[in-house]
Amino acid sequence: MPSPIDPFYVMEVVASAQRHEQEGNAVFHLEVGQPSTGAPRGAIDVAHRLLDSDTLGYTTSRGIPELPPAIAAHLGRQYDLDVDPARIAITQGASGAFVLALLAAFDPGARVAVTTPGYPCYRNMLTALHMTAVPIHVDATTRFQPTVDLLEAAGPLDGVIVASPSNPTGTVLDPDELAALCSWCDEQDIRMISDEIYHGLTYGDVQTATATALSDSAIVINSFSKYFSMTGWRIGWTVLPEELVTPVDRLAQNLVICPAALSQHVALAALDCRDELDAHVDRYAANRQILLDGLPKAGMTDLAPADGAFYVWARTDHLAADSRLLAAEWLRELGVAATPGVDFHPTDGHRYVRFSFCGAPETMHGAIDSLLTWRLRSLSG
Ligand SMILES: Cc1ncc(COP(=O)(O)O)c(C=O)c1O
């Protein structure tokens with residue numbers, strides 16, 4: 001029987017925006033969580049060199065030998081933490097890490113808590129793997145993050161996935177909150193999976209902690225896609241509890257053999273390109289302010305705090321009953337591409353839109369100007 005998997009709707013929005021562009025229209029891209037920049041310059045130089053000099057064959061399933069220690073050093077710098085590189089596996093993006101981690105940690109039928117709103121692929125992956133995604137409904141009262149009380153009310157659980165900063169709301173669990181969730185999971189023998197893909201992308205004095213520092217049994221997932229601006233290179237990593245290192249390795253050997261060799265070398269070089277990458281974060285911070293100032297003037301309400309990642313989650317149901325129709329109208333009439341919330345929130349998502357601010361500042365200004373004009377037109381019409 002074919003698997004009953006929902007589409008990742010964002011990708012369909014991306015396809016409509018691309019079609020609109022190919023038809024000769026200008027598009028302000030605020031729909032996808034993909035930096036408008038490529039991999040950092042120093043990393044691209046390595047790619048050019050290796051293409052001419054290296055056979056770029058299979059690597060070990062856990063990655064080229066230099067990359068896990070380099071990531072351990074990066075984590076050491078970021079969190080003042082000593083991580084054994086043997087616990088780090090290199091994967092095909094965070095997505096590949098999730099598949100391996102879920103398969104290694106859980107049996108079919110496992111009940112794994114995921115927030116609603118939240119990143120839709122957690123739910124869809126769990127379904128594909130014959131596990132149950134248990135929705136934890138979160139809202140502004142807990143900054144769209146789970147709490148121990150909410151998890152306790154969810155019934156029996158085998159696992160919990162948290163994302164901080166989160167997609168689509170950008171909200172962050174502060175270190176004490178993450179510690180409380182990790183301790184509760186450890187006490188209850190529930191596996192914590194912490195998606196830290198947006199670490200490095202926070203604004204103001206917001207602090208992020210890693211679950212690796214807080215629990216020996218947590219699985220941490222991360223990626224070169226976001227801070228490192230390398231979505232299409234498809235490289236991520238997971239920091240595993242000791243007992244899952246071999247199971248994940250065996251799964252990787254059989255399912256993917258190894259992540260792409262060239263991409264791993266590029267990722268290794270990207271770890272040394274922090275100046276260029278930090279400049280992107282400064283740009284995101286400026287873009288964020290453009291949206292936080294402009295979106296309310298254009299009629300959006302209930303903006304989530306956007307403390308991290310590069311998204312603003314905003315309420316739109318007073319503007320249109322279904323945000324899918326609203327987003328389609330914006331694309332058609334204004335060339336503004338944004339993502340209706342249905343992906344992230346299966347029941348209430350039609351009331352929200354997610355705006356991504358990882359593009360160029362001109363894109364943010366252009367989109368806000370168009371939305372303001374649209375708003376004035378609808379108010380006067
Ligand atoms: C919260 C979250 N986790 C995981 C992923 C997957 O990222 P990757 O490109 O590393 O597979 C994304 C991608 O947007 C994401 O937003």
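**Exercise 1. Work out how many disulfides this predicted model holds, taking cysteine 182 and cysteine 358 as worked cases.**

Step 1. Start with the idea: a disulfide is a covalent bond between the sulfur atoms of two cysteines. To count here, two cysteine sulfur atoms must lie within 2.5 Å.

Step 2. Look at cysteine 182. The closest cysteine sulfur belongs to cysteine 185, and the gap is 6.7 Å, so the two are too far apart for a bond. As for its surroundings, cysteine 182 is buried, with a relative accessible area of 0%.

Step 3. Now turn to cysteine 358. Its nearest cysteine sulfur is that of cysteine 121, 16 Å away, and cysteine 358 is in no disulfide. Cysteine 358 also counts as buried, at 1% relative accessibility.

Step 4. Give the total: by this rule, the count is 0 disulfides.

**Exercise 2. Find the salt-bridge partner of arginine 191 and say which parts of the chain the pair links.**

Step 1. Recall that side chains of opposite charge can pair when their charged atoms come close. The cut-off to use is 4 Å, from a side-chain nitrogen of Lys or Arg to a carboxyl oxygen of Asp or Glu.

Step 2. Find the partner. The side chain of arginine 191 meets that of glutamate 243, with 3.0 Å from N to O.

Step 3. Place both residues. Arginine 191 sits in strand 6 (residues 191–195) and glutamate 243 in helix 8 (residues 242–255). They are 52 residues apart, and the pair links distant parts of the chain.

Step 4. Is each partner buried or partly exposed? Buried means under 20% relative accessible area, so arginine 191 falls in that class with its 16%. Glutamate 243, at 45%, counts as partly exposed.

**Exercise 3. Describe the salt bridge of aspartate 348, and name the network that includes this residue.**

Step 1. Identify the partner: aspartate 348 pairs with arginine 351, and their closest N and O atoms are 3.3 Å apart.

Step 2. Check accessibility. Aspartate 348 is partly exposed, with a relative accessible area of 27%, and arginine 351 is partly exposed as well, at 28%.

Step 3. Widen the view. A network of salt bridges links Arg315, Asp317, Asp348 and Arg351.

**Exercise 4. State how many salt bridges the structure holds, and give one that involves arginine 324.**

Step 1. The structure has 9 salt bridges.

Step 2. One of them joins the side chains of arginine 324 and aspartate 322, at 3.3 Å from N to O. Arginine 324 is partly exposed, with a relative accessible area of 37%.

Definitions and conventions: Residues are numbered from 1 along each chain as its sequence is written. This is a predicted model: local features need pLDDT of at least 70, side-chain atom pairs count only at pLDDT 80 or more; totals for chains, interfaces and linings use all residues. Side-chain values use heavy atoms; hydrogens and water are left out. Helices (H or I, at least four residues) and strands (E, at least two) are DSSP runs, numbered from the N terminus. Buried means under 20% relative accessible area, exposed over 50%, partly exposed in between (1.4 Å probe, protein chains only).
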